[in-house]
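Student: I'd like to practise reading a model like this one with you. Could you take me through the sheets and then the chain contacts?

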Amino acid sequence: MGRGVITLITDFGTRDGYAGIIKGVILKINPQVRLVDITHEVSPQDIFEAGFILKNSYRYFPNMSIHLVVVDPGVGSRRRAILVETDNHFFIGPDNGVFTFIYEFERIKKIIELTNKRYFLPYISNTFHGRDIFAPAAAYLSKGTSLEDLGEICDDVVRFDIPRPETERGIIKGVVLHVDRFGNLISNIPEVLFRELVGKGRYEISIGGEVLEDIKGSYSEVKEGQALAVFGSSGYLEISVRGQNAREKLKLNKGNEVKVVYK
Amino acid sequence: MGRGVITLITDFGTRDGYAGIIKGVILKINPQVRLVDITHEVSPQDIFEAGFILKNSYRYFPNMSIHLVVVDPGVGSRRRAILVETDNHFFIGPDNGVFTFIYEFERIKKIIELTNKRYFLPYISNTFHGRDIFAPAAAYLSKGTSLEDLGEICDDVVRFDIPRPETERGIIKGVVLHVDRFGNLISNIPEVLFRELVGKGRYEISIGGEVLEDIKGSYSEVKEGQALAVFGSSGYLEISVRGQNAREKLKLNKGNEVKVVYK
Amino acid sequence: MGRGVITLITDFGTRDGYAGIIKGVILKINPQVRLVDITHEVSPQDIFEAGFILKNSYRYFPNMSIHLVVVDPGVGSRRRAILVETDNHFFIGPDNGVFTFIYEFERIKKIIELTNKRYFLPYISNTFHGRDIFAPAAAYLSKGTSLEDLGEICDDVVRFDIPRPETERGIIKGVVLHVDRFGNLISNIPEVLFRELVGKGRYEISIGGEVLEDIKGSYSEVKEGQALAVFGSSGYLEISVRGQNAREKLKLNKGNEVKVVYK
């Protein structure tokens, strides 16, 4: 289907119609394109959270999908508007670090700064470049406009520091990166790292006051209301409470340490 | 349009991108299918609520629609993944009772346990079968894959008890099944049952401390802030407060008794 | 694309499946039409808010789009169901004032009262005309049904009073009309009015206890946590706090006065 899908990640919420306006702008330029909401509920101006959700979702979309990410606290300043091309996907948004995980996990073919005003809306506001610059760029790209037409090659981009787990002999120290709707506490400890270091040996996982002595295969292996560790759907160690909200039950949150001690 | 529509009912919320991921998986398999959100705001793991919303909505969709329902507290356990075919619709989800109202109201043509791994994603997580099993099944079904290819016939399925109104001479005792966004208290007393038993006689409806002496034709028949009974849009007796939230105003909720006494 | 897009503005929320039902009804009649949510989170029964969001969004959609607005406290009463045709758009909803801004800003070609029951659902509830009357009307219109088939010309419609800024020598007095998800306080003072009256002279903007001495070009011109005035994306004067929620930080809300004093 060529560049037939545009996905949306924003912090616009769903109350004010801002996400709808973006879709209107896109459909006016390319009435054929498929629009898919990933989320509009990123915490206001939380660039890391947007990047994290993007990381977990983009690879499930068809090749040549265009991922539009508008979490843009610097709107109206000199921060650049960019388009990133990787082997299989396109990413459009502000150059504020929101694509850090993409730079980490994908081969970057080209980065373009969106400078060609011919592909902007005629009037550019100071506060809503999602509507005036990013949405039209995504729409024209989906119609086949070439990257070089949309702007100029650029090679230095903004990244945030990815919080990586620290390892020393017998210890992996991670941190809770995200808490989802169910209250699951998603850490930055990848399943592959865990398996490589811990192997088949004994281990203990501690978070807050909880100590968990093994990783379960599914929620149903513990009783209702009991805490457990699992490898979550995005490949990281998660702490959950069966049938309940772990954030509320354990009084833990984003930023809390998760420690694995192994023999 | 054949099997051209897939609807979605989940408890994923809209913050974390889980519903978006499901759509990506589906579009990668069938880029042509129409995706329609019914809701992603089912209370976490509330199977009854999901079944209730499904009951009220599925029949308004085109024939041959595929209704994907992912409220799945038993994910990763031995609960089965099933596909239910009725005269005009398909239903895909966990076998945990979420289709109870469908078994009640529709003629069941076939139930398939989704066992054919050729139609799963290559890697199956322990916590997100919506993405790994249910979404691909819906997508392949929408493309025309036969039911028999997707798995094996199964004939016993899980049901929950539907809370039915109790009737004795001169009394109908029901219960509030659902409270909607507006605070309307939706009971399990069907309009048809009411009309059959009460006919044109006198009656009184009581709920909490409120006593209502007739059923109104519309909200506008009472004053702002006044409680009233109506037959709601899904065919059940509802208690509302004009222009306000009945749950808050009357301090009532899901599970409260609704009693009709008639002569 | 002809009448190929239907947008939706409602106060249904996204929990109960009501918006999904509306989409089902539409797709059953016209499986080809594009459906775009503008918002389902209008405050319950807030006609002004729905009208305000409509005003800010409709013009970004393709010509011949059909805008379905269902915020309908008078459902089931004698309030009319109408279809408004302007030069480039169609609007369908209850005749309760929700289209007031459209009457103000667009040339009205025709207003039709939806009276032809052939285009309603077979059974009309007392509480959900969005499903039973408005959705089918939008769907048939999108398929090419003529306006005259759907009902009868009507010429008097309900309007609400648009709160306009008051001006006297050296003063513009406005009011906060809407507070968005970010807490931005959006006033009713248009950029064009401001520029016409204030020109290049000095001025002061006061709201609550805050006094702002100029209008910034972007959020980044002030420090994190500082209040500022900007011309927002819909062309009105807005009060914001950089990186924070102005409603919470300044303890201000819808209805607060915004005063410009100029020399």
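Student: Let's start with chain B. How many bridges join strand 1 to strand 3 of chain B, and do the two run parallel or antiparallel?

Tutor: In general, strands of a sheet pair through backbone hydrogen bonds, either parallel or antiparallel. Keep in mind that what you see is a predicted model. In chain B, strand 1 (residues 5-10) and strand 3 (residues 65-70) run parallel, with five bridges joining them. For a spot to look at, take Thr10(B), which stands opposite Val70(B) in strand 3 of chain B.

Student: And what packs on the sheet there?

Tutor: Two helices to look at. Helix 4 (residues 129-142) of chain B packs on the sheet and touches strand 1, strand 3, strand 4 (81-86), strand 5 and strand 6 (108-114) of chain B. The direction of helix 4 makes about 175 degrees with that of strand 3 of chain B. Then there's helix 2 (residues 47-57) of chain B, lying across strand 1, strand 2, strand 3 and strand 5 (89-94) of chain B. Helix 2 runs at about 150 degrees to strand 1 of chain B.

Student: In which order do the strands of the chain B sheet come?

Tutor: Read across the sheet, not along the sequence. The seven strands of this open sheet in chain B come in the order 2-1-3-5-4-6-7, and the pairing is mixed. At the edges you find strand 2 (34-39) and strand 7 (151-153) of chain B, each pairing on one side only. From one strand to the next, the twist averages 25 degrees.

Student: Now chain C. What is the strand order there, and which strands stand at the edges?

Tutor: Chain C has an open sheet of seven strands in the order 2-1-3-5-4-6-7, again with mixed pairing. Strand 2 and strand 7 (151-153) of chain C stand at the edges with a single partner strand each, so one side of each has no neighbour in the sheet. The twist in this sheet averages 25 degrees from one strand to the next.

Student: Where can I see an antiparallel pair in chain C?

Tutor: Go to strand 4 (residues 81-86) and strand 6 (residues 108-114) of chain C, which run antiparallel and are joined by five bridges. Thr86(C), for instance, has Ile108(C) in strand 6 of chain C as its bridge partner. While you're there, check the helices: helix 2 of chain C packs on the sheet, touching strand 1 (5-10), strand 2, strand 3 (65-70) and strand 5 (89-94) of chain C. Helix 4 (residues 129-142) of chain C packs on the sheet too, and its contacts include strand 4 and strand 6 of chain C.

Student: On to the chains as a set. What turn lays chain C on chain A?

Tutor: For copies, look at the turn and the shift together. A turn of 120 degrees with a shift of 0.0 Å along the axis lays chain C on chain A, at an RMSD of 0.0 Å. That's how a three-fold axis relates its copies. The copies use different surfaces, though: 9% of the contact residues of chain C recur in chain A.

Student: How much area do chain C and chain A bury between them?

Tutor: About 2700 Å², with 53% of it on carbon and sulfur atoms. The contact draws 32 residues from chain C and 35 residues from chain A.

Student: Which residues form the salt bridge there?

Tutor: One salt bridge is found across this interface. Arg181(C) pairs with Glu41(A), and their closest N and O atoms are 3.7 Å apart. There are also 17 residue pairs in polar contact between chain C and chain A. On the side of chain C that touches chain A, strand 2 (34-39), helix 2 (47-57), strand 9 (171-179) and strand 13 (227-231) of chain C each supply at least two residues. Strand 2 of chain C gives the largest share of that side, five residues.

Student: And between chain A and chain B, which residues of chain A lose the most area?

Tutor: Chain A and chain B bury about 2700 Å². Arg34(A), Tyr60(A) and Arg181(A) lose the most to chain B, together 27% of what the chain A side buries. Arg181(A) also forms a salt bridge with Glu41(B), with 3.7 Å between the closest N and O atoms.

How values were computed:
Residues numbered from 1 in each chain as written. Chains lettered and ligands numbered in written order. Predicted model: local features only at pLDDT ≥ 70, side-chain atom pairs only at ≥ 80, totals over all residues. Heavy atoms only, no water. Pairing = 2+ DSSP bridges. Helix = DSSP H or I, 4+ residues; strand = E, 2+ residues; numbered from the N terminus. Axes fitted to C-alpha atoms, helices over the stretch in contact; angles between N-to-C directions. Contact = heavy atoms within 4.5 Å. Least-squares fit on C-alpha atoms with pLDDT ≥ 70 in both. Buried area = accessible area lost by both parts, 1.4 Å probe. Salt bridge = Lys/Arg side-chain N within 4 Å of Asp/Glu carboxyl O. Polar contact = N/O pair within 3.5 Å; in protein donor to acceptor, adjacent residues only side chain to side chain.
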